[in-house]
Amino acid sequence: MAPQLESYYKAIDGLTDTFIDRLAEAVAIPSISAEEARRPDVVKMGHWLKSQLETLGASMEARELGKRPGKEHLTLPPAIIGRYPAKKDESKRTILVYGHYDVQPAEKSDGWNTEPFKLSVDSKGRMYGRGSTDDKGPVLGWVNAIQAHQKAGIEFPVNLLMCFEGMEEYGSEGLDDFIIAECKPGKFFEDADAVCISDNYWLGTEKPCLTYGLRGCSYYSIEISGPGQDLHSGVYGGTAQEPMTDLVRVMGGLVDTNGTILIPGIKDLVAPVTDDEQALYKNIAFEMSNLYESIGSETGIFPDKERTLMGRWRYPSLSIHGVEGAFSAPGAKTVIPAKVIGKFSIRTVPNMEPDDVDKLVYAHVEKAFAGLKSKNTLKVSLQHSGKWWVASPKHWNFTAAAKAVEKVWGVKPDLTREGGSIPVTLTFEQATGKNVLLLPMGSSTDAAHSINEKLDKKNYIEGIKLLGSYLHYVAEEPMSVA
Ligand SMILES: C[C@H](N)C(=O)N[C@@H](Cc1c[nH]cn1)C(=O)O
Ligand SMILES: [Zn+2]
Ligand SMILES: [Zn+2]
């Protein structure tokens, strides 16, 4: 395998500019799934990705996912699925890869130093742009790996099945049913032997990792309304009950400054930490400086590495995201908003069942609101939820990936869990019945979801080497299942 990989790496080095141009083209399409007005761009991005792969000879399809109940005016972006090489080689393993082509919202005025939808490469090789690390860079990693094999003139080592979606950042609407249907006998993903997802990040900036666990995410909204329209606070302040005042008081009782969730019963749903598990955290390559560098300040909750990692992977957290309908512009508008919708989410961990979490959340919010004795009206609802996932890192899928990391980066990867959520990971595991591996490309300082999101050129280029090498090692890895 070694000479083949060397020529593959050489091809990648020779195609570096092509690969960066491809990422720039992808970043230029503002495929923001959370904004209805951007839906045509999300669809455009899906078709662009499909045509990139078709040009390389993959057999691709854009599968429509229909509409969601209550959102009949909006069509979901298609699932872009495909196979490379176009004709299956029965003598080879089949690896299913997943990624998403939608991105989080971004405006220059949020505080970006550059235009978010224009890839800007600085002198240190940092490539800034929305979606560069989450998840356009990694998705293009698979596309680029195909092209580099062709340029190097070496045989593709596996049958590659691809599934790329356009609604991941909005809870993967519509995808679960599609995956479940396509994993059935005779369907597109039927013959997958293992699954690989590249959609998370290293813990620091130097050491790669393989990820075997994710937190789930249950996302809620609290709507409080009262007045028939927005009111003048000079005229009605002190005479009308104000939805925003009620909302702030209810939301203020969800979580404290040190991240402790104040909803009774939540912590009882969490699986106890065993001694063996506790010991794992010591050996992970992570320093508090990694946290401070990635959050841009020293405002971490815990002083030590172990408790910090556990806060990210092992315990639930509750984050307050924003208030729809509230005045948020600069200046001093003196309005009383008539209706406000507070948004928060809970990252869930084993053994929290989403339905149990919902019940506790509803009971707590309703009780807190009742305690205010307000004449306003409350509605609390779940926007979307995805369950946590923990897999076995002893499977051949992981051992192959570990060899690939060692080959490309010259170090053994850490085995990590992740605080973020990729709801379809569990769906792929259950629907295929096969092992799922998370193989990240980007690093802890990439600022996914934040302003100035970036992917380092080195992580992109070596990441393409890594994804292709993984396919070579996984093709040969002996079948030991754990
Ligand atoms: C880890 C992945 N790249 C990601 O960013 N996932 C999102 C998924 C999500 C959950 N609800 C809405 N989107 C995340 O963890 O926030
Ligand atoms: Zn992502
Ligand atoms: Zn994301």
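A residue counts as buried if 20 or more other C-beta atoms lie within 10 Å of its own, and as exposed if 12 or fewer do. With that cut-off in hand, the annotated site of this predicted model makes a good starting point. Asp134 has 29 other C-beta atoms within 10 Å and is therefore buried. Glu169, with 21 other C-beta atoms within 10 Å, is buried as well. Both residues belong to a UniProt annotation, "binding site", which comes from an unreviewed entry and covers Asp134, Glu169 and His449. These residues span 316 residues in sequence, yet no two of their C-alpha atoms are more than 9.6 Å apart, so they gather at one spot.

The surroundings of the annotated residues can be described in turn. Asp134 sits in helix H4, which runs over residues 132-152. Setting aside neighbours within four places in sequence, the contacts of Asp134 are Asp199, Ala448, His449 and Glu453; His449 is itself covered by the "binding site" annotation in the UniProt record. Glu169, by contrast in setting, is located in the loop between strand S6 (159-165) and helix H5 (175-182). Residues up to four places away in sequence again left out, Glu169 touches Ser33, Ala34, Asp102, Val103 and Gln104.

Asp134 also appears in the description of ligand 1. This ligand is surrounded by 14 residues, the closest being Asp134, Asp199, Cys217, Gly420 and Ser421. Helix H4 and strand S9 (216-225) each contribute at least two residues to the shell. In terms of residue class, the shell around ligand 1 holds four nonpolar, five polar and five charged residues.

Helix H4 also has a place beside a sheet. Three strands form an open, antiparallel sheet in the order S4-S5-S18. Its edges are strand S4 (120-121) and strand S18 (454-456), each of which pairs on one side only. Strand S5 (residues 126-128) is joined to S18 by three bridges, and the two run antiparallel. Arg126 has Asp456 as its bridge partner in S18. Helix H4 packs on this sheet, touching S5 and S18, and its direction makes about 50 degrees with that of S18. Helix H14 (residues 457-476) packs on the sheet too, touching S4, S5 and S18, with a direction at about 65 degrees to that of S18.

Another long-range link in sequence involves Trp112, which lies in the loop between S3 and S4. Trp112 and Ile451 are 339 residues apart in sequence, but their C-alpha atoms are 5.2 Å apart in space. Beyond residues up to four places away in sequence, Trp112 touches Ala106, Ile451 and Asn452. Trp112 has 19 C-beta neighbours inside 10 Å and so counts as partly exposed.

Strand S7 (residues 194-197) offers a view of a strand covered on both faces. In a regular strand the side chains alternate between the two faces of the sheet. In S7, Ala194 and Cys196 on one side and Val195 and Ile197 on the other are all buried. Strand S3 (residues 94-100) runs parallel to S7 and is joined to it by four bridges, with Leu96 having Val195 as its bridge partner. Strand S7 also pairs with strand S17 (residues 436-438), in the parallel sense and over three bridges. Here Cys196 stands opposite Leu437.

A further UniProt annotation from the unreviewed entry, "domain: Peptidase M20 dimerisation", covers residues 214-369. This span is 33% helix and 21% strand, and its end C-alpha atoms lie 32 Å apart.

Strand S9, already met in the shell around ligand 1, takes part in an open sheet of four strands with the order S11-S13-S9-S14 and antiparallel pairing. Strand S11 (317-324) and strand S14 (377-386) stand at the edges with a single partner strand each, so one side of each is left without a neighbour in the sheet. Direction ignored, neighbouring strands of this sheet are turned by 20 degrees against each other on average. Seven bridges connect S11 to strand S13 (residues 339-348) in antiparallel fashion, and Ser317 has Arg347 as its bridge partner in S13. Helix H11 (residues 354-372) packs on the sheet, where it touches S9, S13 and S14; the direction of H11 makes about 160 degrees with that of S14.

How values were computed: Residues numbered from 1 in each chain as written. Chains lettered and ligands numbered in written order. Predicted model: local features only at pLDDT ≥ 70, side-chain atom pairs only at ≥ 80, totals over all residues. UniProt positions renumbered as here; feature names shortened; annotations may be inferred. Contact = placed C-beta atoms within 7 Å. Pairing = 2+ DSSP bridges. Axes fitted to C-alpha atoms, helices over the stretch in contact; angles between N-to-C directions. Near = placed C-beta within 6 Å. Nonpolar A, V, L, I, M, F, W, Y, C, P; charged D, E, K, R; others polar.
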